[in-house]
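The following exercises concern backbone geometry and burial. Each task is followed by a worked solution.

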Protein chains: 2
Amino acid sequence: MEPFTDIARLSLNQITTQRWSVREAVDGCVRAGIPFIGLWREKVAETGLRESARIVLDAGLRVSSLCRGGWFPAATAAERQARLDDNRRAIEEAATLGTDVLVLVCGPAVDRNITAARAYVEEAIGQLLPYAAEHGVKLGIEPLHPMYAAERSVIVTLAEANQLARRFDSRHIGVVIDVYHVWWDPEISLQITEAAGHILGFHVCDWLVPTPDLLMGRGMMGDGVIDLRGLRSAVDAAAYTGPIEVEIFNRTIWDTPGDETLALMVRRYLECV
Amino acid sequence: MEPFTDIARLSLNQITTQRWSVREAVDGCVRAGIPFIGLWREKVAETGLRESARIVLDAGLRVSSLCRGGWFPAATAAERQARLDDNRRAIEEAATLGTDVLVLVCGPAVDRNITAARAYVEEAIGQLLPYAAEHGVKLGIEPLHPMYAAERSVIVTLAEANQLARRFDSRHIGVVIDVYHVWWDPEISLQITEAAGHILGFHVCDWLVPTPDLLMGRGMMGDGVIDLRGLRSAVDAAAYTGPIEVEIFNRTIWDTPGDETLALMVRRYLECV
């Protein structure tokens with residue numbers, strides 16, 4: 001597997017530069033020559049949806065994905081309906097922003113019944129899918145690390161995400177593979193192969209040792225133990241040719257000036273991914 | 001699935017009362033009517049091996065397991081040999097203490113190559129197994145939660161532990177199932193069924209929400225989100241009839257007087273497991 005010689009597929013997931021607004025992140029990408037950006041709904045709402053779309057378009061960037069839909073399970077029927085309505089808005093936002101991928105965080109359960117929550121996630125996706133297809137948006141099921149099973153996502157393996165995606169006979173559903181969430185899986189190579197044809201995104205960062213925090217402990221590529229090139233090789237072999245997003249939740253990185261983060265991110269992408 | 005009406009299968013894994021010596025933990029179990037204890041090598045070493053064995057025997061307790069062997073991968077051949085030698089001593093200690101289960105923590109990798117580390121774990125177990133069999137000790141592969149994949153164990157799913165155990169044609173190898181490590185797994189019911197016949201231990205505690213810490217964040221049964229009775233039911237259906245150990249890493253519980261912890265543990269075992 002050869003290193004990349006350019007950053008034609010690199011995307012800044014804007015959570016990596018959490019202090020930056022949409023405009024600041026877009027300008028930063030332009031300065032660094034990064035061609036894609038992954039946007040967050042909260043940031044887009046701060047700037048305004050149409051203004052965000054205009055900023056990105058004017059800068060000549062492409063939007064690799066919108067984070068995040070999902071969060072389907074809820075205690076009451078009214079709340080579940082509100083979540084579905086919110087996901088429909090997220091689909092509209094993705095279409096307006098010019099991306100065809102809405103990343104889904106599928107959970108958590110509201111009680112001790114993780115099996116029932118998984119069944120409901122499938123039901124909710126089934127309800128959303130026609131709306132997504134109408135808008136030309138694909139729903140990307142992102143399996144999260146099992147340490148988030150109680151608080152964020154009941155979908156915690158790529159095997160499960162693949163099976164879930166395959167149960168819908170639609171080209172508007174697929175999976176998003178983030179190395180941080182799946183690197184530990186003894187089946188990961190097999191499951192990346194199984195995902196061929198419905199991989200909607202590939203996210204990179206690193207797993208730090210020791211892990212400083214469950215949520216804010218992700219590291220820059222090369223600072224941890226993940227076999228990044230091995231996983232990229234598997235995703236390449238599965239014929240994924242789309243953008244590669246760098247998505248890092250880490251207070252130290254957030255406190256670093258954005259241009260420095262982007263420069264390091266570019267260097268490590270070329271060295272490690 | 002009926003609740004237990006007695007504590008005939010209950011075991012105190014002594015890490016739960018981390019401040020207690022072997023003698024204090026044994027006395028505490030006697031006062032609480034708990035018939036089994038799971039011992040830790042560090043604690044046994046503090047008291048002395050033969051003295052620990054005598055204390056347990058005199059009290060009429062049975063030892064459900066010894067924690068922990070394993071930690072096989074190392075950077076040099078000499079260090080790997082030293083780890084194997086240490087595991088042979090752990091086997092001898094288990095035999096002296098009167099338990100037939102040595103719990104193995106299988107990892108971590110010493111580099112970014114988790115696949116190679118998994119292969120070496122298998123090789124190391126193969127080297128130890130005849131010695132374990134000679135001593136009448138069984139090696140219990142405990143899959144740890146994937147969040148420990150970098151720092152503790154490269155074996156992180158019950159599926160993988162089952163496959164590993166089955167590759168040795170021996171009744172001296174099996175798996176130890178700890179709800180904390182496996183509850184998130186969409187395959188867990190299936191894999192507990194697959195483990196039938198080689199389940200060497202069943203450990204309970206709970207997964208707290210929010211999770212306060214990667215290592216010290218385990219909770220008392222009933223304080224978290226794990227479907228304990230569902231998992232116990234699956235283990236019952238797999239014909240496991242051995243001791244059920246309560247193993248909790250939690251600073252607050254460690255700071256609680258041991259007798260209080262044991263009383264709560266008995267109540268929650270009857271209510272929740």
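**Exercise 1: cis peptide bonds**

Task: locate Pro210(A) and state the geometry of the peptide bond that precedes it.

Solution. Pro210(A) is found in the loop between strand 8 (206-207) and strand 9 (218-219) of chain A; strands (E, at least two residues) and helices (H or I, at least four) are DSSP runs, numbered from the N terminus. The bond from Val209(A) to Pro210(A) is cis, with omega near -5°. A cis bond, with omega about -5°, also joins Gly107(A) and Pro108(A). Pro108(A) lies in the loop between strand 4 (101-105) and helix 5 (114-134) of chain A.

The model is predicted: local features need pLDDT of at least 70, side-chain atom pairs count only at pLDDT 80 or more, and totals for chains, interfaces and linings use all residues. Residues are numbered from 1 along each chain as its sequence is written, while chains are lettered from A and ligands numbered from 1 in the order in which they are written.

**Exercise 2: positive phi**

Task: is Ala239(B) buried or exposed?

Solution. First, the criterion: a residue is buried if 20 or more other C-beta atoms lie within 10 Å of its own, exposed if 12 or fewer, and partly exposed in between, with C-beta atoms placed from the backbone. Ala239(B) has 9 other C-beta atoms within 10 Å and is therefore exposed. Its place is in the loop between helix 9 (228-237) and strand 10 (244-246) of chain B, and its phi is positive, near 70°. Trp71(A), also a residue other than glycine, has a positive phi near 55°. Trp71(A) has 17 C-beta neighbours inside 10 Å, so it counts as partly exposed.

**Exercise 3: helix 5 of chain B**

Task: why does the end-to-end distance of helix 5 of chain B agree with its length in residues?

Solution. The expected span is 1.5 Å times one less than the number of residues. For the 21 residues of this helix that span is 30 Å, and the end C-alpha atoms are 31 Å apart, which agrees. Next, the axis: the helix bends by about 35° at Leu128(B), and Pro130(B) follows within four residues; the bend is the angle between axes fitted to the seven residues ending there and the seven starting there.

Task: which residues does Ala124(B) touch, not counting those up to four places away in sequence?

Solution. Ala124(B) has 22 C-beta neighbours inside 10 Å and so counts as buried. Ala124(B) touches Phe72(B) and Leu84(B), contact meaning C-beta atoms, placed from the backbone, within 7 Å.

Technical notes. Contact = placed C-beta atoms within 7 Å.
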